[in-house]
Amino acid sequence: MDLDNLDLNKSGAFIIGLSDCGEKVTSAGGRVSTQEGTALGIWQKSQDCEKNAKLIDKVTRSGHNSVVEHTYFNLAFQNVTAVVEQFVIEFRLASFTVKSRRYVDFSDAGFFVPEDADENYKSHMSKLFGLYSEFCEAGVPKEDARFLLPYCLFSNFFCSINGREFLHLLKAMLYGRGSKYPEIVKLGRELKEQAEKLTPGIMTGFDERSKNYMPDNPDLSFVGVVSRRTNGKKVELLSYTGDAEKNVQRSALISYTNASTEDIDRILSDSAVADKITYSLVHSSRPRALEAADFTLRFNDVSLSGITHFTRHRMQSIEIPELTRANRKKHIVPESVKKDPELLLKYENTFKENAAEYERLRALGKSEESLVYYLLSGNTLDIVTTMNARELLTFMKLRTCSRAQWEIRAHAVEALELLRKAAPGIFKYYGPSCFISSCPEGRFCCGRQEEMRKTFSM
């Protein structure tokens with residue numbers, strides 16, 4: 001990308017980097033599985049861009065799309081809304097780094113104005129940003145004041161993504177669930193135009209193949225409207241692998257000994273030996289056998305800001321409702337606001353007034369897709385995720401740590417309590433990094449390792 005001729009304040013989506021070998025490695029991948037010769041010999045044959053484009057088109061039309069994963073795109077999303085951010089970061093095979101609203105002051109970040117914006121839109125959003133600044137100046141931490149920020153706020157982030165997942169992203173933006181949002185469609189078109197110039201082979205026939213793109217959200221409208229009631233639980237363990245401990249231990253021993261299942265079960269009949277196997281797995285750098293146990297958890301009333309912390313974990317199957325389904329009648333209230341009666345009153349009134357504005361506009365016929373920009377970061381959604389025990393080990397190390405953001409930490413601690421009841425032989429060893437081994441935070445260490453170890457000991 002030519003930065004010398006680029007408006008550095010321009011909003012949009014930009015391909016700022018591409019694998020040095022571009023489409024050559026994809027075309028070489030297409031040849032290597034069917035042609036004679038060594039890898040480097042085939043690479044040498046894959047230097048003609050025009051021939052490469054034709055080969056890629058032929059290979060991908062026959063359904064062999066894995067070769068496209070060899071080409072990598074680096075993307076920059078500049079001054080796009082949090083609506084776009086939430087949409088994009090759900091693509092779990094990509095890597096992301098987002099400007100943090102925990103640490104960065106967003107007072108002057110600016111906000112998006114849709115083409116069909118109401119005449120009161122700008123003043124309404126400016127008031128919300130003004131309140132955010134007021135709360136920050138009053139000493140409320142930025143990670144708490146951010147709950148007042150509307151989802152039209154400008155976000156900036158980087159995304160690195162392989163070619164196959166990039167095509168999935170584009171299809172979802174232009175033909176799938178993103179196609180209901182003009183902002184997302186505009187960004188999708190920008191990326192598509194850039195990609196067609198940089199990787200014509202990968203993009204050949206994109207629109208033709210995408211026309212029959214199956215819906216990326218199932219149509220469950222036949223279920224009807226179900227009234228939303230809460231059971232007061234922050235976390236629910238919906239299901240999990242039966243006899244999870246034994247499943248994990250068996251998997252480890254089959255890999256290590258190749259013994260018969262009967263012999264392995266005899267070994268595991270000694271509870272002390274079985275326990276040592278689990279301990280050894282948890283305290284190794286490659287605990288692959290932990291992946292043999294799955295756990296499905298429901299997290300209730302997670303703030304929109306909090307959802308971004310959950311989606312940072314890539315090795316999970318997570319279901320996040322569309323933002324149009326966010327609960328505008330519920331919101332999270334941080335302790336830093338609760339302790340100041342005057343700020344608390346302003347905070348509560350802000351959510352009430354914002355919800356009233358939403359209802360007014362909806363009554364006028366504004367679409368839900370347009371009204372997502374009125375969501376506040378403190379509004380909530382319920383999410384469900386399935387993680388295996390290995391990913392849960394990573395999740396708990398990070399999210400039960402005292403340095404974790406307090407909302408997701410509360411969810412993680414409650415989830416760990418449920419998991420310890422379901423599979424104590426595994427989860428008694430789980431907790432923050434300092435509980436399992438040592439603190440990795442360096443100068444940011446809380447210095448309370450002994451206290452944490454006592455807290456998380458069963």
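Helices, of at least four residues, and strands, of at least two, are DSSP runs, and they are numbered from the N terminus. That is how to read names such as H11 and H12, the helices on either side of the loop that holds Asn-258. The model shown in these views is predicted.

**View 1. A salt bridge within helix H8 joins Glu-196 and Lys-192.** Across the whole structure, a search finds 30 salt bridges. In this one, N and O lie 3.0 Å apart. Both residues sit in helix H8, which covers residues 182-198. They are 4 residues apart, or about one turn of the helix. Lys-192 has 14% relative accessibility, so this residue counts as buried, because buried means under 20%. Glu-196 reaches 35%, so this partner counts as partly exposed.

**View 2. Arg-250 and Asp-265 form a salt bridge.** Their side chains meet at 2.9 Å, N to O. The pair links distant parts of the chain, with Arg-250 in helix H11 (residues 244-257) and Asp-265 in helix H12 (residues 261-268). In sequence, they are 15 residues apart. Arg-250 is partly exposed, with a relative accessible area of 28%. Asp-265 is also partly exposed, at 22%.

**View 3. Asp-301 pairs with Lys-330 in a salt bridge.** The closest N and O atoms are 2.8 Å apart. Here two strands supply the partners: Asp-301 lies in E6 (residues 294-303) and Lys-330 in E8 (residues 327-331). The pair links distant parts of the chain, 29 residues apart. Lys-330 has a relative accessible area of 29%, so this residue is partly exposed.

**View 4. Four charged residues share a network of salt bridges.** Look for Asp-57, Arg-61, Glu-208 and Arg-209. Salt bridges link these residues.

**View 5. Phe-166 sits in the largest nonpolar core.** This core has 118 residues. Those with the most contacts inside it are Phe-166, Leu-75, Phe-77 and Tyr-430. What does Phe-166 touch, not counting residues up to four places away in sequence? Its contacts are Ile-15, Phe-73, Leu-75, Ile-161, Leu-191, Ala-195 and Met-203.

**View 6. Leu-220, Phe-222 and Val-223 form a nonpolar patch on the surface.** Together they have about 350 Å² of accessible area. Phe-222 belongs to the loop between helix H10 (206-210) and strand E5 (235-240). Is Phe-222 buried or exposed? Its relative accessibility is 67%, so Phe-222 counts as exposed, because exposed means over 50%.

**View 7. Asp-243 and Asn-258 have a positive phi.** Most residues other than glycine have a negative phi. Asp-243 is not a glycine, yet its phi is about 50 degrees. Asp-243 is found in the loop between E5 and H11. Asn-258 is not a glycine either, and its phi is about 60 degrees. The loop between H11 and H12 holds Asn-258. At 66% relative accessibility, Asn-258 counts as exposed.

**View 8. Ser-305 is buried in helix H14.** The helix covers residues 304-311. Why does Ser-305 count as buried? Its relative accessibility is 1%, and buried means under 20%. Leave aside its neighbours within four places in sequence, and Ser-305 is in contact with Arg-146, Phe-147, Tyr-151 and Ser-377.

Note on methods: Residues numbered from 1 in each chain as written. Predicted model: local features only at pLDDT ≥ 70, side-chain atom pairs only at ≥ 80, totals over all residues. Heavy atoms only, no water. Buried < 20%, exposed > 50% of the residue type's maximum accessible area, 1.4 Å probe, protein only. Core = buried A, V, L, I, M, F, W, Y, C linked by side-chain atoms within 4.5 Å. Contact = heavy atoms within 4.5 Å. Patch = residues over 30% accessible without salt bridge, like charges linked within 9 Å, V, L, I, M, F, W, Y side chains within 5 Å. Areas by Shrake-Rupley, 256 points an atom, 1.4 Å probe, with all protein chains shown as cover.
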